[in-house]
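Student: I've got a fold to look at and a few things I'd like to ask about it. Can we go through it together?

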Amino acid sequence: MNEEQAALALHETLKPSMGAAMGRVHRLWRAAINQAVGDLGITEARWSVMLHLVKVGEGCTQQVLADELAIEMPSLTRTLNQLQEQGLIERRRDPSDRRVHALWFTPAGHQRVADMRVHVEQVRKKIYAGLSDAQLDAFAEVLLGMEANVRALLASEQEGGA
């Protein structure tokens with residue numbers, strides 16, 4: 001390593017980039033969850049939607065959930081149809097706006113989420129092994145800051161291009 005490389009911060013020397021490293025960790029994390037919940041017979045798209053519905057809260061609209069997942073509505077609709085066919089969720093019309101569907105878990109859906117959460121928590125503990133709460137909190141703050149910056153960048157480019 002030459003003097004110039006030694007002077008650079010770690011985040012500047014990651015190969016190929018910090019964004020690529022975050023993407024790798026994300027893919028590996030999802031693969032670990034897929035492996036852990038495999039015996040439950042649920043696909044990545046379905047467990048992801050179900051866990052995000054827990055996070056956002058039952059009764060949310062399909063559009064709110066799509067926004068949270070950062071996916072297009074047709075992709076979400078396909079997955080919600082599959083979950084509904086499996087008897088894990090149900091759509092209810094919003095009484096104040098009959099055009100809008102709110103999402104709710106069925107009793108079987110609540111049980112499946114409970115089963116998944118046990119597996120996901122085991123994966124999370126293994127991924128967090130050797131890291132302190134202070135490190136994880138600092139990392140979480142950095143991620144939230146980066147996400148806010150990217151969202152602002154995209155919004156400003158969208159406004160400028162529109």
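What follows is a round of questions and answers on this predicted model.

Student: What mean pLDDT does the protein chain have?
Tutor: Remember that this is a predicted model, so confidence is a good place to begin. In the protein chain, 95% of the residues reach 70 or more. The mean pLDDT is 90.

Student: Where is confidence lowest, and where is it highest?
Tutor: Where pLDDT is low, the predicted coordinates should not be read in detail. Helix α1, residues 3-7, has the lowest confidence, with a mean of 62. At the other end, with 96, is helix α7, residues 107-127.

Student: In what order do the elements of the protein chain run?
Tutor: There are 8 helices and 2 strands to place. Starting at the N terminus, you go through six helices, then both strands, then two more helices. Written out, that's α-α-α-α-α-α-β-β-α-α.

Student: Is the protein chain a compact globule or more spread out?
Tutor: Take the 162 residues and the globule rule gives 15 Å. The radius of gyration is 20 Å, well over that, so the verdict is more spread out than a compact globule. As for the C-alpha trace, along the principal axes it spans about 65 × 45 × 25 Å.

Student: What share of the residues is buried?
Tutor: The accessible surface comes to about 11000 Å², and carbon and sulfur atoms hold 56% of that. Out of the 162 residues in the protein chain, the buried share is 23%.

Student: How far apart do the centres of the positive and negative side chains lie?
Tutor: The protein chain carries 18 positive side chains and 21 negative ones. Take the centre of each set, and the separation is 8 Å.

Student: Is Thr79 buried or exposed, and which residues does it touch?
Tutor: Thr79 lies in helix α6, residues 73-85. Its relative accessibility is 8%, and buried means under 20%, so Thr79 counts as buried. Leaving out residues up to four places away in sequence, Thr79 touches Ala45, Arg46 and Val49.

Student: How far is Val25 from Ile127, C-alpha to C-alpha?
Tutor: Val25 is in helix α3, residues 18-37, and is partly exposed at 47% relative accessible area. Along the chain, 102 residues separate Val25 and Ile127. Between their C-alpha atoms the separation is 10.0 Å.

Student: And how far apart are the C-alpha atoms of Gly59 and Arg151?
Tutor: Gly59 sits in the loop between α4 (44-56) and α5 (62-69), and at 29% relative accessibility it counts as partly exposed. Not counting residues up to four places away in sequence, Gly59 touches Ala102, Leu103 and Trp104. Arg151 is 92 residues from Gly59 along the chain, and their C-alpha atoms are separated by 26 Å.

Student: Why does Ala70 count as exposed, and what is its phi near?
Tutor: Ala70 is in the loop between α5 and α6. With exposed meaning over 50%, its 64% relative accessibility is why Ala70 counts as exposed. Its phi is a positive value in a residue other than glycine, near 60 degrees.

Student: Which residues is Arg92 in contact with?
Tutor: Arg92 has its place in strand β1, residues 89-94, and is partly exposed with a relative accessible area of 38%. Arg92 and Trp104 are 12 residues apart in sequence, and C-alpha to C-alpha they are 7.5 Å apart. Leaving aside neighbours within four places in sequence, Arg92 is in contact with Val100, His101, Ala102 and Trp104.

Student: What percentage of contacts comes from residues 24 or more positions apart?
Tutor: Here you set a base: contacts in the protein chain with a separation of 6 or more. Within that base, residues 24 or more positions apart account for 47%.

Methods. Residues numbered from 1 in each chain as written. Predicted model: local features only at pLDDT ≥ 70, side-chain atom pairs only at ≥ 80, totals over all residues. Heavy atoms only, no water. Helix = DSSP H or I, 4+ residues; strand = E, 2+ residues; numbered from the N terminus. Rg over C-alpha atoms; globule rule 2.2 N^0.38 Å. Buried < 20%, exposed > 50% of the residue type's maximum accessible area, 1.4 Å probe, protein only. Contact = heavy atoms within 4.5 Å. Areas by Shrake-Rupley, 256 points an atom, 1.4 Å probe, with all protein chains shown as cover. Lys, Arg positive; Asp, Glu negative; His and termini not counted. Charge placed at Lys NZ, Arg CZ, Asp CG, Glu CD. pLDDT = per-residue confidence, 0-100.
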